[in-house]
Amino acid sequence: MIAVIEMSRPSLHADDEPRAVVVNIQHFSTHDGPGIRTTVFLKGCSLRCSWCCNPESIKPAPELAFNRGQCIGAAACGRCLPVCPAQALHVDSSDDRIRVNWELCNDCGECVKACPSRALYRFGKLMSVAEVLAEVERDGAFYGESGGGLTLSGGECLLQPDFSAALLESARRRGLDTAIETAGNVPWAFMKQVLPHVDTMLHDYKLTDRGEHRRWTGVDNARILENYQRAYREFPEVRFIARIPLIPNVNDDEAHIDAVLDAIEGHPNVVELELLPYHGFGESKYRFLGLDGGAQEFSPPTPERLAALRQRIEKRMNREKGARH
Ligand code: SF4
Ligand code: SF4
């Protein structure tokens, strides 16, 4: 289990342009806000959800990953062995392939440069606002017609407020629609700094019960719930989309759904409550990061359960919309 770290604001680079460790830039996303979008995933998260499918997003710094199946073997290659300054690599005689001693590895990345087969690779790259924007703008032709734009996600993008605010502000100046995805576990000052540059905020309600939230994510939910209420009140121009990552036997009960509906009630700028069914595509990444046994096993919700809960949400949201008109 990786310890929960409360990150502070990252320092600015010498040229005063904020930089962040980007773990992935996904093109043509259709589930991260309106239209066709480019989603930028920042590294570093302040929750430790037991069902996490993106373990590569948890640690804030770049880190080594190793896919043993891609290794062509020490006899045929072996180029990584002499370059490791920490003696963290060795050959396993059973298959002649490399093994990583994760206790010794310091994520320096030297072996990645030497590896011709991408068996050794790195999650996370330090990028400037200008570098990220240049990549995002390559998809510009798809934004206009679809109403899409840039979505900043993670990990937790609000843990790097200087970078996030600067990137979203620049994107807006170029006429792009902006969205963020957050789990809300950040100081209010960070959220407040970023929200003036956001058109849509997608935000998670993982568990509304305090004890259960602590049990399944490792942290208390009081700050998260308070941040959301303040955001709804203080940023009426932002469009909020609430989301529940639906995990059977963790949070797929009516009490949680109703508690979220209570939390968003009376806030007309919360336009939707979405259910995101657990899909479980993350197992291999745990192995590649040396985190065997890091993920607990969960099953996706059944279509019947999903439909019943969606119906419950729709019914109540329609009733509230009707009452407002
Ligand atoms: S990342 Fe650095 S310390 Fe880790 S195995 Fe590769 S060379 Fe060695
Ligand atoms: S450099 Fe890559 S392919 Fe070559 S032995 Fe090392 S891990 Fe295997």
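Okay, let's start at the boundary: between domain 1 and domain 2 there is 1 salt bridge. The partners are D107 and K59, whose side chains meet with 3.3 Å from N to O. Sort the domain 1 side of that boundary by class, and you get 2 nonpolar, 1 polar and 1 charged residues touching domain 2.

I should say right away that this is a predicted model. The average pLDDT over the protein is 91, and 94% of the residues score at least 70. There are weak patches, though. Residues 1-5 stay under 50, and the model gives them 13 contacts beyond four places in sequence. Residues 8-12 also stay under 50, with 11 such contacts. Please keep those two stretches in mind when you look at the picture.

So, what are these domains? The assignment puts 19-61 together with 124-324 as domain 1, and 65-121 as domain 2. Their centres, going by C-alpha atoms, are 35 Å apart.

How do they touch? On one side we have 4 residues of domain 1, and on the other 6 residues of domain 2. The area buried between the two is about 420 Å², with carbon and sulfur atoms giving 53% of that. And who on domain 1 does the burying? That would be F288, L289 and G290, which supply 86% of the area domain 1 buries against domain 2, more than any other three residues. Besides the salt bridge we started with, there's a count of polar contacts: 2 residue pairs across the interface, both at pLDDT 80 or more.

Now the ligands. Ligand 1 has 13 residues around it, and the closest are C84, C105, N106, C108 and C111. By class, that shell splits into 9 nonpolar, 2 polar and 2 charged.

Which residues surround ligand 2? Going along the chain, we have F66, C71, I72, G73, C77, G78 and C80, then I98, and then C115, P116, S117 and L120. That shell has 9 nonpolar and 3 polar residues, and no charged ones.

One last pointer for when you open the structure: D107, from our salt bridge with K59, comes right between N106 and C108 in the numbering, and those two are among the closest residues to ligand 1. Okay, over to you.

Definitions and conventions
Residues are numbered from 1 along each chain as its sequence is written. Chains are lettered from A and ligands numbered from 1 in the order in which they are written. Side-chain values use heavy atoms; hydrogens and water are left out. A residue is near a molecule or strand if one of its heavy atoms lies within 4 Å of it. Ala, Val, Leu, Ile, Met, Phe, Trp, Tyr, Cys and Pro count as nonpolar, Asp, Glu, Lys and Arg as charged, and the others, Gly among them, as polar. Domain bounds come from an automatic or database domain assignment. Contact means heavy atoms within 4.5 Å. Buried area is the accessible area (1.4 Å probe) that two parts lose on being put together, summed over both. A salt bridge is a side-chain nitrogen of Lys or Arg within 4 Å of a carboxyl oxygen of Asp or Glu. A polar contact is a pair of N or O atoms within 3.5 Å; within protein, one must be able to donate a hydrogen and the other to accept it, and residues adjacent in sequence count only if both atoms are side-chain atoms. pLDDT is the predictor's confidence in each residue, from 0 to 100.
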